[in-house]
Amino acid sequence: MYLSADDIEQLEGVEKQHFLNPDALRINKSLGDAVGLRNLGVHQILVPAGHYSTEYHVHHYEEECIYILSGSGVATLGDQQQRIGPGDFIGCPVNGKAHDMFNDGTEPLVCLVVGQRLDQDVTDYPKLGKRLSRNSGEWTLVEHAAITTVKRKNA
(Lines give C-alpha, C1' and ligand atoms only; values in the text may rest on other atoms or scores of the structure.)
Protein backbone atom coordinates (compact mmCIF):
# COMPACT_ATOMS: atom_id res chain seq x y z
CA MET A 1 0.00 0.00 0.00
CA TYR A 2 3.00 2.31 0.36
CA LEU A 3 5.81 3.37 -1.92
CA SER A 4 8.52 5.66 -0.65
CA ALA A 5 10.24 8.13 -2.94
CA ASP A 6 13.21 5.73 -2.92
CA ASP A 7 10.92 2.83 -3.90
CA ILE A 8 9.58 4.85 -6.83
CA GLU A 9 13.08 5.84 -7.89
CA GLN A 10 14.09 2.15 -7.93
CA LEU A 11 11.07 1.00 -9.96
CA GLU A 12 12.12 -0.06 -13.43
CA GLY A 13 10.56 2.13 -16.09
CA VAL A 14 9.05 0.43 -19.12
CA GLU A 15 9.53 2.11 -22.49
CA LYS A 16 6.21 2.38 -24.33
CA GLN A 17 5.58 3.60 -27.85
CA HIS A 18 1.98 4.35 -28.82
CA PHE A 19 0.76 1.80 -31.34
CA LEU A 20 -0.59 4.55 -33.63
CA ASN A 21 2.16 7.16 -33.23
CA PRO A 22 5.86 6.27 -33.49
CA ASP A 23 6.72 9.76 -32.14
CA ALA A 24 4.76 9.06 -28.93
CA LEU A 25 7.31 7.61 -26.55
CA ARG A 26 7.34 7.45 -22.78
CA ILE A 27 9.02 5.65 -19.93
CA ASN A 28 6.29 4.35 -17.64
CA LYS A 29 6.44 3.45 -13.94
CA SER A 30 3.14 1.92 -12.84
CA LEU A 31 2.73 3.07 -9.26
CA GLY A 32 -0.81 1.69 -9.07
CA ASP A 33 0.28 -1.79 -10.14
CA ALA A 34 3.09 -1.71 -7.57
CA VAL A 35 0.58 -1.27 -4.74
CA GLY A 36 -2.14 -3.56 -6.16
CA LEU A 37 -4.64 -1.05 -7.56
CA ARG A 38 -7.02 -2.70 -10.04
CA ASN A 39 -9.55 0.01 -10.96
CA LEU A 40 -7.22 2.99 -11.33
CA GLY A 41 -4.13 3.29 -13.42
CA VAL A 42 -1.58 5.52 -11.67
CA HIS A 43 1.63 6.09 -13.59
CA GLN A 44 4.68 8.25 -13.39
CA ILE A 45 5.63 8.90 -17.00
CA LEU A 46 8.73 10.44 -18.50
CA VAL A 47 8.41 11.87 -22.00
CA PRO A 48 11.81 12.47 -23.66
CA ALA A 49 12.49 15.77 -25.41
CA GLY A 50 11.05 15.86 -28.91
CA HIS A 51 8.33 13.26 -28.24
CA TYR A 52 4.59 13.11 -27.63
CA SER A 53 3.10 11.39 -24.60
CA THR A 54 0.44 9.63 -26.69
CA GLU A 55 -1.55 9.99 -29.90
CA TYR A 56 -4.11 12.83 -29.84
CA HIS A 57 -7.25 11.15 -28.47
CA VAL A 58 -10.46 11.37 -26.45
CA HIS A 59 -12.11 8.68 -24.29
CA HIS A 60 -15.87 8.17 -24.34
CA TYR A 61 -16.11 6.30 -20.99
CA GLU A 62 -12.85 6.66 -19.04
CA GLU A 63 -11.70 9.78 -17.24
CA GLU A 64 -8.05 10.64 -16.84
CA CYS A 65 -5.93 13.43 -15.40
CA ILE A 66 -2.33 14.58 -15.53
CA TYR A 67 -0.20 16.46 -13.00
CA ILE A 68 3.09 17.88 -14.28
CA LEU A 69 5.99 17.10 -11.92
CA SER A 70 8.92 18.52 -13.91
CA GLY A 71 9.95 19.63 -17.36
CA SER A 72 7.87 21.63 -19.81
CA GLY A 73 5.93 21.19 -22.99
CA VAL A 74 2.75 21.95 -24.87
CA ALA A 75 -0.61 20.29 -24.27
CA THR A 76 -3.11 20.25 -27.10
CA LEU A 77 -6.58 20.42 -25.55
CA GLY A 78 -9.17 20.37 -28.30
CA ASP A 79 -8.09 23.10 -30.70
CA GLN A 80 -6.12 25.04 -28.06
CA GLN A 81 -2.38 24.87 -27.35
CA GLN A 82 -1.43 25.29 -23.68
CA ARG A 83 2.09 25.70 -22.28
CA ILE A 84 2.58 23.26 -19.38
CA GLY A 85 5.13 22.99 -16.60
CA PRO A 86 5.64 21.87 -12.99
CA GLY A 87 2.52 22.13 -10.82
CA ASP A 88 0.08 22.30 -13.75
CA PHE A 89 -2.94 19.97 -13.80
CA ILE A 90 -5.00 18.69 -16.74
CA GLY A 91 -8.36 16.98 -16.26
CA CYS A 92 -9.86 14.95 -19.10
CA PRO A 93 -13.54 14.25 -18.41
CA VAL A 94 -15.59 11.66 -20.28
CA ASN A 95 -16.47 12.86 -23.81
CA GLY A 96 -14.32 15.94 -23.26
CA LYS A 97 -11.82 17.37 -25.70
CA ALA A 98 -9.20 15.33 -27.49
CA HIS A 99 -5.73 15.86 -26.03
CA ASP A 100 -2.05 15.06 -26.09
CA MET A 101 1.22 16.50 -24.75
CA PHE A 102 4.45 17.26 -26.58
CA ASN A 103 7.82 17.78 -24.90
CA ASP A 104 9.29 20.73 -26.79
CA GLY A 105 11.91 21.35 -24.11
CA THR A 106 15.40 19.97 -23.60
CA GLU A 107 14.71 18.13 -20.34
CA PRO A 108 12.40 15.15 -19.79
CA LEU A 109 8.74 15.97 -19.16
CA VAL A 110 7.73 14.01 -16.04
CA CYS A 111 4.05 13.63 -15.12
CA LEU A 112 1.74 11.74 -12.82
CA VAL A 113 -1.07 10.26 -14.94
CA VAL A 114 -4.21 8.79 -13.36
CA GLY A 115 -7.00 7.08 -15.28
CA GLN A 116 -9.83 4.63 -14.90
CA ARG A 117 -9.38 1.01 -15.93
CA LEU A 118 -12.75 0.05 -17.30
CA ASP A 119 -13.27 -3.27 -19.08
CA GLN A 120 -14.99 -1.37 -21.92
CA ASP A 121 -14.06 1.96 -23.48
CA VAL A 122 -14.23 3.74 -26.82
CA THR A 123 -11.39 6.04 -27.82
CA ASP A 124 -11.37 8.32 -30.85
CA TYR A 125 -8.19 9.43 -32.61
CA PRO A 126 -9.51 12.47 -34.53
CA LYS A 127 -6.32 13.34 -36.43
CA LEU A 128 -6.11 9.77 -37.75
CA GLY A 129 -9.84 9.26 -38.31
CA LYS A 130 -9.83 6.09 -36.21
CA ARG A 131 -11.85 4.63 -33.35
CA LEU A 132 -10.64 2.04 -30.88
CA SER A 133 -13.16 -0.10 -28.99
CA ARG A 134 -11.89 -2.06 -26.01
CA ASN A 135 -14.07 -4.88 -24.72
CA SER A 136 -12.70 -7.08 -21.93
CA GLY A 137 -9.22 -7.32 -23.46
CA GLU A 138 -10.24 -7.37 -27.13
CA TRP A 139 -9.25 -4.28 -29.12
CA THR A 140 -11.01 -3.35 -32.37
CA LEU A 141 -9.71 -0.46 -34.48
CA VAL A 142 -11.89 0.97 -37.27
CA GLU A 143 -11.81 3.95 -39.61
CA HIS A 144 -14.35 6.64 -38.71
CA ALA A 145 -15.66 6.43 -42.30
CA ALA A 146 -16.58 2.76 -41.72
CA ILE A 147 -18.75 3.46 -38.64
CA THR A 148 -22.48 3.09 -39.20
CA THR A 149 -24.81 4.67 -36.68
CA VAL A 150 -27.99 2.67 -36.11
CA LYS A 151 -31.03 4.63 -35.05
CA ARG A 152 -33.44 2.62 -32.95
CA LYS A 153 -37.12 3.27 -32.47
CA ASN A 154 -38.33 3.39 -28.88
CA ALA A 155 -39.84 0.03 -27.97
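**Ile90**

I looked up Ile90 and found this residue buried, with a relative accessible area of 8%. I am working from a predicted model. I call Ile90 buried because 8% falls under the 20% cut-off. I placed Ile90 in strand E8, which covers residues 89-92.

Which residues does Ile90 touch, leaving aside those up to four places away in sequence? I listed Glu64, Cys65, Ile66, Ala75, Leu77, Ile84 and Met101. I also checked the backbone spacing to one of these contacts, Ala75. The C-alpha atoms of Ile90 and Ala75 are 8.9 Å apart, and the two residues lie 15 places apart along the chain.

**Strand E10**

Cys65, one of the Ile90 contacts, led me to strand pairing. Cys65 stands opposite Val114 in E10. I looked up strand E5, residues 64-70, and saw that E5 pairs with E10 in the antiparallel sense over six bridges.

Which way does strand E3 pair with E10, parallel or antiparallel? I noted the antiparallel sense, over eight bridges. Here E3 spans residues 40-47 and E10 spans residues 109-116. In this pairing I marked Gly41, which stands opposite Gly115 in E10.

**Trp139**

I then turned to the surface. Is Trp139 buried or exposed? I entered Trp139 as exposed, because its relative accessibility is 52% and the cut-off for exposed is over 50%. I located Trp139 in strand E13, residues 138-143.

I also looked for a patch around Trp139. Together with Phe19 and Leu141, Trp139 makes a nonpolar surface patch of about 330 Å².

Note on methods:
Residues numbered from 1 in each chain as written. Predicted model: local features only at pLDDT ≥ 70, side-chain atom pairs only at ≥ 80, totals over all residues. Heavy atoms only, no water. Patch = residues over 30% accessible without salt bridge, like charges linked within 9 Å, V, L, I, M, F, W, Y side chains within 5 Å. Areas by Shrake-Rupley, 256 points an atom, 1.4 Å probe, with all protein chains shown as cover. Salt bridge = Lys/Arg side-chain N within 4 Å of Asp/Glu carboxyl O. Helix = DSSP H or I, 4+ residues; strand = E, 2+ residues; numbered from the N terminus. Buried < 20%, exposed > 50% of the residue type's maximum accessible area, 1.4 Å probe, protein only. Pairing = 2+ DSSP bridges. Contact = heavy atoms within 4.5 Å.
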